[in-house]
Amino acid sequence: MIDINECSIGDVCWALIPAVQRAPVYGTISSIYLKENAIQITTMMNGIRVVPVQNAFWSEKEAKEAKKK
């Protein structure tokens, strides 16, 4: 899981978005919502999505491990 205080706009990350697809989604952070503890990511295939930081990870490996839980 990423720490919202350590991410910046333009960083790339992996996110779990079960309503969109089973595999983790790769995207670029385009906005940070501190009060909601969420980030907005822009993806190539799935457009713009807002994700709680609990579902965002710096590596695909971390995202896949979290998905198993």
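Helices (H or I, at least four residues) and strands (E, at least two) are DSSP runs, numbered from the N terminus. By that rule the protein chain holds one helix and five strands, in the order β-β-β-β-β-α from the N terminus on.

This is a predicted model, in which local features need pLDDT of at least 70 and side-chain atom pairs count only at pLDDT 80 or more, while totals for chains, interfaces and linings use all residues. Residues are numbered from 1 along each chain as its sequence is written, and side-chain values use heavy atoms, with hydrogens and water left out.

**Whole chain**

Begin with the C-alpha trace. Along the principal axes, the C-alpha atoms fill a box of roughly 25 × 25 × 20 Å. The radius of gyration, taken over C-alpha atoms, is compared with a globule rule of 2.2 Å times the number of residues to the power 0.38. For 69 residues a compact globule would have a value near 11 Å, and the protein chain agrees, with 11 Å.

Now switch on the surface. Accessible areas come from the Shrake-Rupley method with a 1.4 Å probe; for residues, only the protein chains shown count as cover. About 4,600 Å² is exposed, with 54% of it supplied by carbon and sulfur atoms. A residue is buried under 20% relative accessible area, exposed over 50% and partly exposed in between (1.4 Å probe, protein chains only). Buried residues make up 35% of the 69 residues.

**Strand 3 and its partners**

Select strand 3, residues 38-43. Five of its six residues are buried, so strand 3 is largely enclosed by the rest of the structure. Two strands pair if DSSP finds at least two bridges between them.

Add strand 2, residues 25-33, which runs antiparallel to strand 3 and is joined to it by five bridges. Ile29 stands opposite Ile41 of strand 3. Four residues lie between the strands of this hairpin, where Asn37 takes a positive phi near 55°.

Next add strand 4, residues 47-52. Strand 3 and strand 4 pair in the antiparallel sense over six bridges, and Thr43 stands opposite Gly47 in strand 4. This hairpin has three residues between its strands.

Select Asn46 in the loop between strand 3 and strand 4. Is Asn46 buried or exposed? Its relative accessibility is 18%, so Asn46 counts as buried. Leaving aside residues up to four places away in sequence, Asn46 touches Val20, Gln21 and Val25, where contact means heavy atoms within 4.5 Å.

**The aromatic pair**

Rings of Phe, Tyr and Trp (its six-membered ring) pair if their centres lie within 6.5 Å; planes under 30 degrees apart count as stacked, over 60 as edge-to-face and the rest as tilted. The whole structure has one aromatic pair. Show Trp14 and Tyr26: the pair is tilted, 4.9 Å centre to centre with 55° between the planes. Trp14 lies in strand 1 (residues 12-15) and Tyr26 in strand 2, twelve residues apart. Trp14 is buried at a relative accessible area of 18%, whereas Tyr26 is partly exposed at 43%.

**The helix**

Finish at helix 1, residues 60-68. A salt bridge is a side-chain nitrogen of Lys or Arg within 4 Å of a carboxyl oxygen of Asp or Glu, and the count comes to one. Which residue forms a salt bridge with Lys64? The partner is Glu60, with the closest N and O atoms 3.5 Å apart. Glu60 and Lys64 are four residues apart, about one turn of the helix. Glu60 counts as partly exposed at 31% relative accessibility, and Lys64 counts as partly exposed at 42%.
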